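Welcome! Take a moment to turn the model around on your screen, and then we will walk through it together.

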Amino acid sequence: MPAKANRNEYQCTIEVNQNGKYCVRVRAVFTRKAWTLPVYFLASTFDGAMTKLEKTLQFLQQQEEKLWFWGVERSDDPKFSGELVQEAGLRMDRRLEFPRRSSNVVLSPEQRVPAVLLAPVRRGLPARSIQAASASPRINK
C-alpha cells in the first residue's frame, strides 16, 4: 500500500455521443494533496482521442501543482481552474457519476507518461466505445 500512496491515478473512459464524437473523460486523483480533478474533451476520431488523451495526461502530470493551487487553495475564484484546463483544450467535467468500466493509469507525480502505459488503455477503450455506439440509435436522413 505505501507504494501507491504517492502515485497519481487517472481513470479514463470513452463514449460516443449523439453527434458521433468521442467524449473522453478523465478523473485525475492526485494523492500528494488528496484532491480530484475531473475533465473531459471531445474528438472526431478514435485515434485523435488517443493522441489527445496522451497529451492530456502529460498536461495533468506536469501542471498538478498549478492546478491544485488555483483550483483548491485559491477557491475564491472557482472558475480559474476551468480556464487553466481550457488552455489545454479540456473542459471541467461537472457530472457526479463516473462510469464503472474504465481504464486506469497510475504514475508517480510529475513523471512523464510513457506511451507503453497507454497501450492497455488503447485496447480497453475501443470495446466500450463500440458498445456505446451500437446502443445509441442513429437517425438517417
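## A pair of neighbours

Let's begin with two residues facing each other: Gln-11 has Arg-27 of β2 opposite it. A second pair of this kind is Ile-14 and Val-24, the latter again in β2. These pairs belong to a longer match, since β1 and β2 run antiparallel and are joined by eight bridges.

How do β1 and β2 connect? They form a hairpin, with five residues lying between the two strands. In the turn you will find Gly-20, whose phi is positive, at about 85 degrees.

## The whole sheet

Now zoom out, keeping in mind that this is a predicted model. Five strands make up an open sheet, and reading across it you meet β4, β3, β2, β1 and β5 in that order. The pairing is antiparallel. At the edges sit β4 (residues 91-92) and β5, each of which pairs on one side only.

On its other side, β1 pairs with β5 in the antiparallel sense, over five bridges. One of the matches here is Asn-8 with its bridge partner Leu-107 in β5. Is β1 enclosed or open to the outside? Seven of its nine residues are buried, so β1 is largely enclosed by the rest of the structure.

## A helix across the strands, and the core

Next, find α2. This helix lies across β1, β2, β3 and β5, and it runs at about 20 degrees to β2.

Nonpolar side chains tend to be buried together in soluble globular proteins. Here, the largest nonpolar core has 31 residues. Tyr-10, Val-26, Leu-37, Leu-53 and Leu-60 have the most contacts inside this core. At least two core residues come from each of β1, β2, β3, α2, α3, α4 and β5. Which element gives the largest share? That is α2, with seven residues.

## An exposed loop residue

For a contrast with the core, look at the loop between β2 and β3, where Ala-34 lies. Ala-34 has a positive phi, near 55 degrees, although this residue is not a glycine. Is Ala-34 buried or exposed? Its relative accessibility is 70%, and the cut-off for exposed is over 50%, so Ala-34 counts as exposed.

## How confident is the model?

Finally, a look at the confidence scores. The average pLDDT for the protein is 75, and 67% of the residues score at least 70. Residues 128-141 have a pLDDT below 50. In the model, this stretch has 13 contacts beyond near neighbours in sequence.

Terms used: Residues are numbered from 1 along each chain as its sequence is written. This is a predicted model: local features need pLDDT of at least 70, side-chain atom pairs count only at pLDDT 80 or more; totals for chains, interfaces and linings use all residues. Side-chain values use heavy atoms; hydrogens and water are left out. pLDDT is the predictor's confidence in each residue, from 0 to 100. Contact means heavy atoms within 4.5 Å. A nonpolar core is a set of buried Ala, Val, Leu, Ile, Met, Phe, Trp, Tyr and Cys residues joined through side-chain atoms within 4.5 Å. Buried means under 20% relative accessible area, exposed over 50%, partly exposed in between (1.4 Å probe, protein chains only). Helices (H or I, at least four residues) and strands (E, at least two) are DSSP runs, numbered from the N terminus. Two strands pair if DSSP finds at least two bridges between them. Axes are lines fitted to C-alpha atoms, for helices over the stretch in contact, and angles run from 0 to 180 degrees between N-to-C directions.
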